[in-house]
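Here is a quick tour of the empty space in this model, plus a look at one helix. Have the structure open while you read.

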Amino acid sequence: MGDNATERWLARIRESPQGPVLGAGVLLGEEHVLTCAHLLPGEDVPVTVEPVRDGPAGARVAEGGWAPERTDAAWGPSGDLALLRLSRPQPPGRGTRLLRLAPTRGREVRMYGFPDGAEAGLVLFGRLDGLMADGRVQISARRGSAAVVPGFSGGGVVDERTGRVIGIVVSTCRRGGISVSFMIPVETVLQHVPRVAAHVDGEAVADPGPAGADPGPGPEADPDADQLPEEDAEFAVRLADWLSGGESAAPVESAVVGPGDRARALPLDRALSLADRELPAPARAEHLANAPPGTVPPVGSLDLTVDATAQPTDRIAERVCGRMGITPGAGRTYAERLRSTPLPLTLVVRGVDRAPDGEGLLELLELLAEQGARVLLVFHGGDEAVREAATAALAFRSRLGAIDRRLGECAETGWRELHRRRQIVRVNAEPARDAMERATSALVRIPAQRARVARLGAQLQAGRCAGGGTGSWDAAGLERLGAALFAPARFAAAAGERVTEALAALDALIARRDELRERLTAVHLLAGDLDSPDGEDLALADLYRRARALLMQGPCDVPAADAAVAEYGAEVRRRLGQQRRRDREDGREADELPPGARPFLGPHRRPGPDPAGGPAGG
């Protein structure tokens, strides 16, 4: 398995000491192994565990460590976890600690397992794709890596950025050429097997609440708290839709949930709890029983919730970094580290208007929005104009960041992929030449557009400093400033379309080259039926070699290769036609060998003298 220190925790699981390998597991501490329940013969059946650095040990399911898979018609599969207790402790330092973090889309991971024929273990590389039922996460294979196969279930999934185990492989799916696998993240493990918490580091989704924090609306705020109020149904549905993250969901939203407003506080608390993977199953069932239709968000749709009423801004930035697996590095603050990192998080901030450092908090939230976070601002009340201005400022920064990322991704992908394809084929004919020129024209203008976007961000900050804080911009002024983003947004869309068109044109040339290679091979085989009474036909062989050279040497001149293949094919067809006419005149079919003829030995050649010295015909 190599000498990577993160592999010390990897374990094989067998039916018996000499039995077949059932799958993999993760050694936690000195006495426990986390794996999938479906690997085991049963809850009470002992198995053998073989840590890769030590000898085998017997194991049984630990108390409270059995969560078999269950399937719900609405939510799909859930559970499928087992925590094993070893019959003898392992040496100190062999086990690992799990890391709880946000399994955001695009995060690169590696997975360990024991497929057939690889009892020493195998590592594969993947990328997180998105949420599935029960908080599971889909993983696709990275380019150049194979897809997960049976034998990986229970194996650790390691985050490439931190080198920490963030979940275990649970299943794979292969259908119609698509092959993906699925991970149970640490938070979902905690939902089903809470005792694993002793082996977990990292920030939770739910805010533990700082000492002295405002608890927000609660039963004590309402003298009639023993009677549940009628919920704000429209608010509850809108909140669930926003957490679901559909195309219509804005990246930045705000809501007012005032003290004593239990009609909104109840659906807010319920939605945030249900969106958290870590919510224990009994509590989840209770919330679901009280949830009206359309008010239940997907499990795992919330990455972080923050109570801003009594937390310094630095602590909130630290929590965000913890959820993303980011360390600030020497001499850098958490906020500085966030400034250079994409943040595809969904974040809910409660008590925005009661934060001890309101301006600092909004500055941090604007940075998060610009880096890609979706943010819901929950106010207790306050001035409506201030709320609207704060929300508009975040929405502006979110849009500004999205446009800048789109421009940057267009430039990076465009230059890289166009260059790669131009190493394969030449761009010397229409429509590829025109498409390439249009794409290049757009790509060279992207730096100027990104500078324009940066100036708009600086303009927002300059106006804020001159006006003494957030009050320097009202919602109307921010809307006017946002209108200036329309031009770079349109340019980004047009540039993306031009790059896509150019790539498609080059892909068409590559496909045509591949088609011509197949056609040349077929014609060459057909040429083997030609008689060559005078030995090798040099003229025909030259036509073949020229066509083949044009197709095999890069970058390929596809129009020239097309013409060369056509010329060779036409000449082969012409000669075959002549040969058939001669054959008919000689009274024999073209596919019959003449008396005394030997089988064909190669294209464009005739049989030579018999090696034994007899006549050529044998």
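## Ground rules

On a 1 Å grid over the protein atoms alone, a cavity is a set of points where a 1.4 Å probe fits but cannot get out, while a pocket is an open set with protein on both sides within 12 Å along at least five of seven lines; a residue counts as lining if it has an atom within 4 Å of a point. Grid points are joined across faces, edges and corners, and a volume is the space filled by probe spheres set on the points.

The model is predicted, so local features need pLDDT of at least 70 and side-chain atom pairs count only at pLDDT 80 or more, though totals for chains, interfaces and linings use all residues. Numbering runs from 1 along each chain as its sequence is written, and side-chain values use heavy atoms, with hydrogens and water left out.

## Closed cavities

Searching the whole structure turns up three cavities of 30 Å³ or more. The largest has a volume of about 50 Å³. Its lining is made up of Met111, Ile139, Ser140, Ala141, Ala147, Val148, Ser179, Val180 and Ser181. At least two of the lining residues come from each of β12 (137-141) and β15 (178-185); strands here are DSSP runs (E, at least two residues), helices are runs of H or I with at least four, and both are numbered from the N terminus. By class, that lining is six nonpolar, three polar and no charged residues. For the classes, Ala, Val, Leu, Ile, Met, Phe, Trp, Tyr, Cys and Pro are nonpolar, Asp, Glu, Lys and Arg are charged, and the others, Gly among them, are polar.

The second largest cavity holds about 40 Å³. Around it sit Leu99, Arg100, Leu101, Pro103, Ile166, Met183, Pro185, Val186 and Glu187. β15 and α1 (186-192) are the elements giving two or more residues to this lining. Its class split is seven nonpolar, no polar and two charged.

## The open pocket

The largest pocket comes in at about 1,100 Å³. It has 44 lining residues, with Leu343, Pro344, Gly372, Ala373 and Arg405 nearest its centre. Elements that each supply at least two of them include β11 (122-131), α2 (233-244) and α10 (446-467). The largest share, nine residues, belongs to α8. The lining divides into 19 nonpolar, 14 polar and 11 charged residues.

## Helix α14

α14 (558-585) has 28 residues and spans 40 Å from its first C-alpha to its last, close to the 40 Å expected at 1.5 Å a residue. That expected span is 1.5 Å times one less than the number of residues. After α14 comes glycine 587, with a positive phi near 80°.
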